[in-house]
Amino acid sequence: MRSQLFATAVYALHALAAPSWTTTPFNPPSIPLAVRSPYLSAWLGQGQGTALNGAWSTFWAGQTAAWTGFVKVDGESYSFLGAPAVPESFLQATQKSFEFTSTQSIFVLSAGPVDVTVTFLSPIETDLVKLSTPLSYMDVSVASTDGASHSVEVYSDISAEWLSGSDNWNVQWATTTTDILSHAIQLTSPAVYEEIDDQTQYGTVYYSILNSGKVTYQIGQDILVRGGFLNNSALDNKVDPNFRAVSDSWPVFGLAKNLGSVSSTPASVLFSVGHIRDPVVEYILPGNVKQARSSYFWSKYSTAAELISFFLNDYSSALATANTLDAKVQSDAAKISPDYPGIVALSIRQSIGANELTISKTASGKWNTSDVMLFMKEISSDGNLNTVDVMFPASPIFLYLLPELGQYVLEPLFRYQASGLYPNKWSIHDMGAHYPKGLGHPDGLDEAMPVVQCGNMLIMSLAFARKTGDNSQLIRYHALLDQWTQYLISDSLIPANQLSTDDFAGTLANQTNLAIKGIVGIRAMAEISQILGNNATAANYSAIAGDYVTKWQVYSASTTGAHLTLAYGESATWGLSYNLFGDVLLGFNLFPASVYEEQTAWYKTVFNQYGVPLDTRHTYTKSDWSIWTSAIVTDTTVRDQFITSLKGYISNGLNTVPFSDLFDTITGQVVGFQARPVVGGHLALLVI
Ligand SMILES: *[C@@H]1O[C@H](CO)[C@@H](O)[C@H](O)[C@H]1NC(C)=O
Ligand SMILES: *[C@@H]1O[C@H](CO)[C@@H](O)[C@H](O)[C@H]1NC(C)=O
Ligand SMILES: *[C@@H]1O[C@H](CO)[C@@H](O)[C@H](O)[C@H]1NC(C)=O
Ligand SMILES: *[C@@H]1O[C@H](CO)[C@@H](O)[C@H](O)[C@H]1NC(C)=O
Ligand SMILES: *[C@@H]1O[C@H](CO)[C@@H](O)[C@H](O)[C@H]1NC(C)=O
């Protein structure tokens, strides 16, 4: 345990370095700005505090995604967004506050006699058309603070860095001037389904505003477009005809609005930024047919312009929906611990933003909205597509927000394995090594985590079916589910030397926590069998699970400490028994209360400043498994200690990347991983 003295010293150091503006609920390592897909993912790294106009925003992986904003007030120029450098002079607006919710990041900056409120809204919707829309809002609202009225013009641009992982690729562009002013930017020679440094190399980036009021636009070299606005308070409505590379005299895509005379009643301009690709995912069908799948929203809109126009006009409704969700999350999470809502709110956009919701076309070329699949990118760890043991930790977010999404994310894996294209008797690890290519693993050489993935598929299938009330997936894929159960029956009580989901920690035989998952998986199949009317099978599997628990209790006990071991017979070892969460979630009461009580008492004694280590091999831990473990302990004080120490890590000012789930419990620093969807697991306490 950390000494009190040390903890106090660290706190004092952080207190000194805190941002000069107010932060609500706290300042995170990185702030989500526009986060709606694996490729529309713009963030503002923080460390100990970076103002909205203190640095460029970046793609989640760290590449600059330049996003600029200026406001002119009675002819005086202020920068409010990004880090532009131009010869023309301007002042820096002063950040006064920052607040985040589940869907919004809100900054207030003062620019002379006005306040500029910049709201970044990335909607989280339950309507599938809206959910699949890869667009995000930036609302810039200006109000006078000195009682007088002031003339105000607002400017913003993005660069072509949003479009490519390499600045050497050539880009081309066009501007639509219909009911919307919309810049469209594409690569001259796109590479469908390809990535560079995790950025996609095809599709179109859009930067748009409604074409109403005194609006102007311009595409051209960064210093000319920005300098032109600073000189003239408006843009020249010209489009540079010289298509070129991203970094060749940096073309930028500017939009400006004259808000006129602004009093204490706010006046605003709404921007939308988006990244649209079609198709989005390649998926393998029987017969080695590669299916091109498209975003769900195409079932309603036939052009990007229609979608963007709807999106911009829908802002007040989108904001109301977002505010309702934000309030619900806040209220549900605050019932558990005052430190919990911030963790959950910071996790939601990141987790949902790793997914794309797709449909296919019928033979006659119509959209088939009965064929819905969700694809998840295993962001930052290795870029796999629909990794089962990434979907599994993330699954509480689906159970909480929209459980159908859980069935949509399982469907591609089920369909592929039911087609016979996968050779192993256990569940596949992922649907493809490189997002967005869902080509499976016909050689069966995917990363082997047999017990983990069989257990995960069984537990998730039952949990999603229960929550949606839709058993059709269980019925359709009953044979596969039973096949995986046979694997667990033979291999989960005494797990062979293999990886657990925490593959970075290496292989290990006889992992206590892995056996728990397998046994819960068998018990889940007992209920699935019951649902399918196979009562004798249900009784058999239920008896096997019960028998395994009895045996497991003997194998897993430590002879020297009051805790479960990490591996059978290794008495000095222990770890987070997060797989008991399946038993709690599904209400099986499979493992005796004494196991839960013993683990609770043990964890109380092994907290470091930033949490309980994942296991005795290292001092690092996982944030998702920490919250899962907090959901199985029997003492709310211990539960709250997990939450509070995690909040300590995520608000300590020592990190700058989007929420990392792998960090050191002593130093509070990121060990690896960032922006991963597994943070959806932080909602675990909201679904039990
Ligand atoms: C802005 O005005 C200054 C002074 O007239 C001029 O030197 C500069 O070139 C102008 N900038 C742009 C981008 O037109
Ligand atoms: C739509 O997709 C579903 C699910 O894959 C499929 O069963 C159905 O046949 C498809 N409909 C058409 C008209 O192709
Ligand atoms: C795994 O545990 C079983 C039961 O205690 C034991 O028989 C076996 O030797 C162990 N295997 C390894 C590799 O430690
Ligand atoms: C199976 O069990 C369910 C629930 O206990 C019961 O309602 C049903 O009648 C049983 N079916 C058979 C064929 O025994
Ligand atoms: C129970 O299931 C196991 C594993 O599938 C099987 O070997 C056994 O025969 C079954 N027992 C009964 C009574 O059906």
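The exercises below look at ligand surroundings, salt bridges, a buried residue and some backbone angles in one predicted model.

Residues are numbered from 1 along each chain as its sequence is written, while chains are lettered from A and ligands numbered from 1 in the order in which they are written. Because the model is predicted, local features need pLDDT of at least 70 and side-chain atom pairs count only at pLDDT 80 or more, whereas totals for chains, interfaces and linings use all residues; side-chain values use heavy atoms, with hydrogens and water left out.

**Exercise 1.** Which residues surround ligand 2, and how do they divide by class?

*Solution.* Begin with the residues near the ligand, meaning those with a heavy atom within 4 Å of it: T362, N368, S370, D371 and R415 surround ligand 2. Next, sort this shell by class, where Ala, Val, Leu, Ile, Met, Phe, Trp, Tyr, Cys and Pro count as nonpolar, Asp, Glu, Lys and Arg as charged, and the others, Gly among them, as polar; the result is no nonpolar, 3 polar and 2 charged residues. Strand β26 (residues 367-376) gives the most to the shell, with 3 residues, a strand being a DSSP run of E with at least two residues and a helix a run of H or I with at least four, both numbered from the N terminus. Then look for polar contacts, which are pairs of N or O atoms within 3.5 Å; within protein, one atom must be able to donate a hydrogen and the other to accept it, and residues adjacent in sequence count only if both atoms are side-chain atoms. A polar side-chain atom of N368 lies 2.3 Å from an oxygen atom of ligand 2, and an N or O atom in the side chain of R415 is 3.4 Å from an oxygen atom of this ligand. Finally, the protein buries 41% of the 360 Å² that ligand 2 exposes when taken alone, with accessible areas from the Shrake-Rupley method with a 1.4 Å probe and, for residues, only the protein chains shown counting as cover.

**Exercise 2.** Which residues surround ligand 1, and how much of its accessible area does the protein cover?

*Solution.* The residues around ligand 1 are E88, I223, L224, G227, G228 and N231. By class they give 2 nonpolar, 3 polar and 1 charged residues. Two side chains supply polar atoms: one in E88 lies 2.7 Å from a nitrogen atom of ligand 1, and one in N231 lies 2.3 Å from an oxygen atom of ligand 1. The protein covers 37% of the 360 Å² of accessible area that ligand 1 has on its own.

**Exercise 3.** Where in the chain do the partners of the salt bridges D115 to K96 and K647 to D339 lie?

*Solution.* A salt bridge is a side-chain nitrogen of Lys or Arg within 4 Å of a carboxyl oxygen of Asp or Glu, and the whole structure has 25 of them. The side chains of D115 and K96 meet at 2.7 Å, N to O. This pair links distant parts of the chain, with D115 in strand β10 (residues 114-121) and K96 in strand β8, 19 residues apart. D115 counts as buried at 15% relative accessibility, where buried means under 20% relative accessible area, exposed over 50% and partly exposed in between (1.4 Å probe, protein chains only). K96, at 40%, counts as partly exposed.

The side chains of K647 and D339 form a salt bridge at 3.6 Å, N to O. K647 lies in helix α17 (residues 636-650) and D339 in the loop between α5 (315-334) and α6 (340-352), so the pair ties together parts that are 308 residues apart in sequence.

**Exercise 4.** Is Q95 buried or exposed, and which backbone nitrogen does its side chain reach?

*Solution.* Q95 is found in strand β8 (residues 94-100) and is buried, with a relative accessible area of 7%. The side chain of Q95 reaches the backbone nitrogen of L52 at 2.7 Å.

**Exercise 5.** What is the phi of N589, and what is omega for the peptide bond from D278 to P279?

*Solution.* Most residues other than glycine have a negative phi, and most peptide bonds are trans. N589 has a positive phi, near 50 degrees, and lies in the loop between α14 (580-585) and α15 (593-604). The peptide bond from D278 to P279 is cis, with omega near 0 degrees.
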